[in-house]
Amino acid sequence: MTAYLPSDWKKKLNEELEKPYFKELLSFVQHEYLNNECYPEKENIFKAFELCPFEETKVVIIGQDPYHGKGQAHGLCFSVQPDVKIPPSLKNIYRELNEDLGKPIPDHGNLIHWAEQGVLLLNATLTVRTGAAGSHFRKGWEKFTDAVIHILSEEKKNIVFLLWGGPAQKKGRKIDASKHYILKSGHPSPLSANRGYWFGNKHFSKTNDYLKSIGEKPIEW
């Protein structure tokens, strides 16, 4: 399964891949995919890393569980395949993007174009059983993605970390704020957004203003 993890990331995470917990995780995931319908497809489990090389990563968005609806998840947090109905959280992301930067609201929910510009769309858990939210929680993915965030924090500088909601903020506690730009807000889910914790955060314009200030190309959201 790690054959789908690109070589640049594999080199950075090699020590993590050899740890007992990760080998147990792989065994669990292989068993799940063999005996249940799971998402994303095996070849897309590490899609976020494939589309966003380590050296090119300049923005990190941290999600939680992959979408568990049939055919939705494809390895990028908040993103769905082009022919899948746009989920409520992504609708709110698009609405904030429209209000912040005046960008027209897309008619699809595929965020590959973000990833290809250096936005790592990282879920805390990379797999899920269809129709069973949280079914792969606490099996080891969280440790692995913590390691990803740690390595980015330690080995790079000037990354914009977008921490949306309590779980993402908790996961980002150890990011070195002296080296990176951290933006926090409520989660874009309807429950949080409708309580006033999401809209108006202007994270998209703030991200681009920061990137331009350090000589980096802004993201075409």
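Here is a quick look at the cavity, one helix and the cysteines in this predicted model.

**The cavity**

Probe the inside and you'll find one cavity of 30 Å³ or more. The volume of this largest cavity comes out at about 70 Å³. It has 13 lining residues, and those closest to its centre are Ile45, Gly75, Leu76, Asn123 and Leu126. Two elements give two or more residues to that lining, namely helix H4 (47-51) and strand S3 (119-123). S3 gives the most, with three residues. As for chemistry, the lining has ten nonpolar and three polar residues, and no charged ones.

**Helix H7**

Does the length of H7 add up, or what should its 15 residues span? At 1.5 Å a residue, residues 141-155 should span 21 Å, and the end C-alpha atoms are indeed 21 Å apart, so the two agree. Plenty of H7 is tucked away: its buried residues are Trp141, Phe144, Thr145, Ala147, Val148, Ile149, Ile151, Leu152 and Ser153. As a reminder, an α-helix has 3.6 residues a turn, so residues three or four places apart point the same way.

**The cysteines**

How many disulfides does the structure hold? Zero. Take Cys52: its sulfur sits 11 Å from the closest cysteine sulfur, the one in Cys77, and that is too far for a bond, given that a disulfide needs the sulfur atoms within 2.5 Å. Cys77 is likewise in no disulfide, with the sulfur of Cys52 as its nearest cysteine sulfur. Here is how buried the pair is:

| Residue | State | Relative accessible area |
|---|---|---|
| Cys52 | buried | 0% |
| Cys77 | buried | 0% |

Technical notes: Residues are numbered from 1 along each chain as its sequence is written. This is a predicted model: local features need pLDDT of at least 70, side-chain atom pairs count only at pLDDT 80 or more; totals for chains, interfaces and linings use all residues. Side-chain values use heavy atoms; hydrogens and water are left out. On a 1 Å grid over the protein atoms alone, a cavity is a set of points where a 1.4 Å probe fits but cannot get out, and a pocket is an open set with protein on both sides within 12 Å along at least five of seven lines; lining residues have an atom within 4 Å of a point. Grid points are joined across faces, edges and corners, and a volume is the space filled by probe spheres set on the points. Helices (H or I, at least four residues) and strands (E, at least two) are DSSP runs, numbered from the N terminus. Ala, Val, Leu, Ile, Met, Phe, Trp, Tyr, Cys and Pro count as nonpolar, Asp, Glu, Lys and Arg as charged, and the others, Gly among them, as polar. The expected span of a helix is 1.5 Å times one less than its number of residues. Buried means under 20% relative accessible area, exposed over 50%, partly exposed in between (1.4 Å probe, protein chains only).
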